[in-house]
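The following dialogue between a learner and a teacher shows how features of a protein model may be read. Please keep the structure in view while reading.

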Amino acid sequence: MRKKVGIVLAMMLVGCAILATRFYEVDLAVWNFLGRGGGPDPATLHLHGEFVESNLGLADDPNGSLIVRMVAEQYLFVPHCIVVPAGVPVHFRITSADTAHMLSFVGTSYGLKAVPGTVTEATFTFPRPGEFKVPCHEFCGPGHYTMRSELHVVSRDQFPPLRPAERRTCEPQ
């Protein structure tokens, strides 16, 4: 009998350990479903609040840094491309409309996890100009491999003359 209890306890412990490693996909989703998450509703993200489409992209912060608001959804990041100045702190705020996504800036150690019902925040400073590919590193479905974005870092001198619309696209103006 003791052996059976030990086996059951060991199996429960292994199950809890597996669930603990998948916090964003299991625990957080259940927490938000029960109404205890205070983040944006993934079903109405685009209709009202901070993450409406007209509010996405780059914005000036009163403290001198910049804010980037993004939405991750199968199989794209919105906006698809962002232009920021080198050497300026950029505060990212990202959420997801459907499932967990992980964006990373290739060539740096920077990364963010986007989870439905939660706003993930991080501040990064890109020291010099360059182009950074931003792929999704969390499997999000069959089109996962196409989920890409870009971040263009330009010199501080080049950034101020850019109009707001030019800061949301990587197309030459």
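**Reading a predicted model**

A: The model before us is predicted. The protein contains two helices and ten strands.

Q: In what order do the elements of the protein run from the N terminus on?

A: The order is α-α-β-β-β-β-β-β-β-β-β-β.

Q: What share of the residues of the protein counts as buried?

A: A residue counts as buried when its relative accessible area is under 20%. Of the 173 residues of the protein, 38% count as buried. The protein exposes about 10,100 Å², and carbon and sulfur atoms supply 61% of that area.

Q: Which residues make a nonpolar surface patch?

A: Met1, Val5, Val8, Leu9 and Met12 make such a patch, of about 550 Å². Valine 5, one of them, lies in helix α1, which covers residues 2–21. Valine 5 counts as partly exposed because its relative accessibility is 41%.

Q: How should one read a salt bridge, and how many does a search of the whole structure find?

A: Side chains of opposite charge can pair when their charged atoms come close. A search of the whole structure finds five salt bridges. In one salt bridge, arginine 93 pairs with glutamate 50, and the closest N and O atoms are 2.5 Å apart. This pair links distant parts of the chain, 43 residues apart: arginine 93 is in strand β5, and glutamate 50 is in the loop between α2 and β1. Arginine 93 is buried, with a relative accessible area of 17%, whereas glutamate 50 is partly exposed at 25%.

Q: Which other salt bridge does arginine 93 make, with glutamate 121 as its partner, and what is the N to O distance?

A: The side chains of arginine 93 and glutamate 121 meet at 2.9 Å, N to O. Glutamate 121 is in strand β8 and arginine 93 in strand β5, 28 residues apart. Glutamate 121 is partly exposed, with a relative accessible area of 44%.

Q: Where does arginine 69 lie?

A: Arginine 69 lies in strand β2, residues 66–73. Arginine 69 counts as buried because its relative accessibility is 15%. Its side chain makes a polar contact of 2.8 Å with the side chain of glutamate 50. The C-alpha atoms of these two residues are separated by 8.2 Å, although the residues are 19 apart along the chain. Among the residues that arginine 69 touches are Phe51, Asn55 and Arg93.

Q: How does one describe a pair of aromatic rings, and how many such pairs does the structure hold?

A: A pair of aromatic rings is described by the distance of the centres and the angle of the planes. The structure holds seven aromatic pairs. In one pair, phenylalanine 92 and phenylalanine 124 have ring centres 5.6 Å apart and planes at 45 degrees, so the pair is tilted. Phenylalanine 92 lies in strand β5 and phenylalanine 124 in strand β8, so the pair ties together parts that are 32 residues apart in sequence. Phenylalanine 92 is buried at 1% relative accessibility, and phenylalanine 124 is buried at 9%.

Q: How are the rings of phenylalanine 105 and phenylalanine 124 placed?

A: Their centres are 5.9 Å apart and their planes are at 75 degrees, so the pair is edge-to-face. Phenylalanine 105 is in the loop between β6 and β7, 19 residues from phenylalanine 124 in strand β8.

Q: Which residues do ring pairs link into a cluster?

A: The cluster consists of Phe92, Phe105, Tyr110, Phe124, Phe126 and Phe132.

How values were computed: Residues are numbered from 1 along each chain as its sequence is written. This is a predicted model: local features need pLDDT of at least 70, side-chain atom pairs count only at pLDDT 80 or more; totals for chains, interfaces and linings use all residues. Side-chain values use heavy atoms; hydrogens and water are left out. Patches are made of residues with over 30% relative accessible area and no salt bridge: like charges are joined within 9 Å, nonpolar side chains (Val, Leu, Ile, Met, Phe, Trp, Tyr) within 5 Å. Accessible areas come from the Shrake-Rupley method with a 1.4 Å probe; for residues, only the protein chains shown count as cover. A salt bridge is a side-chain nitrogen of Lys or Arg within 4 Å of a carboxyl oxygen of Asp or Glu. Helices (H or I, at least four residues) and strands (E, at least two) are DSSP runs, numbered from the N terminus. Buried means under 20% relative accessible area, exposed over 50%, partly exposed in between (1.4 Å probe, protein chains only). Contact means heavy atoms within 4.5 Å. A polar contact is a pair of N or O atoms within 3.5 Å; within protein, one must be able to donate a hydrogen and the other to accept it, and residues adjacent in sequence count only if both atoms are side-chain atoms. Rings of Phe, Tyr and Trp (its six-membered ring) pair if their centres lie within 6.5 Å; planes under 30 degrees apart count as stacked, over 60 as edge-to-face and the rest as tilted. Lists of a residue's contacts leave out its neighbours within four places in sequence.
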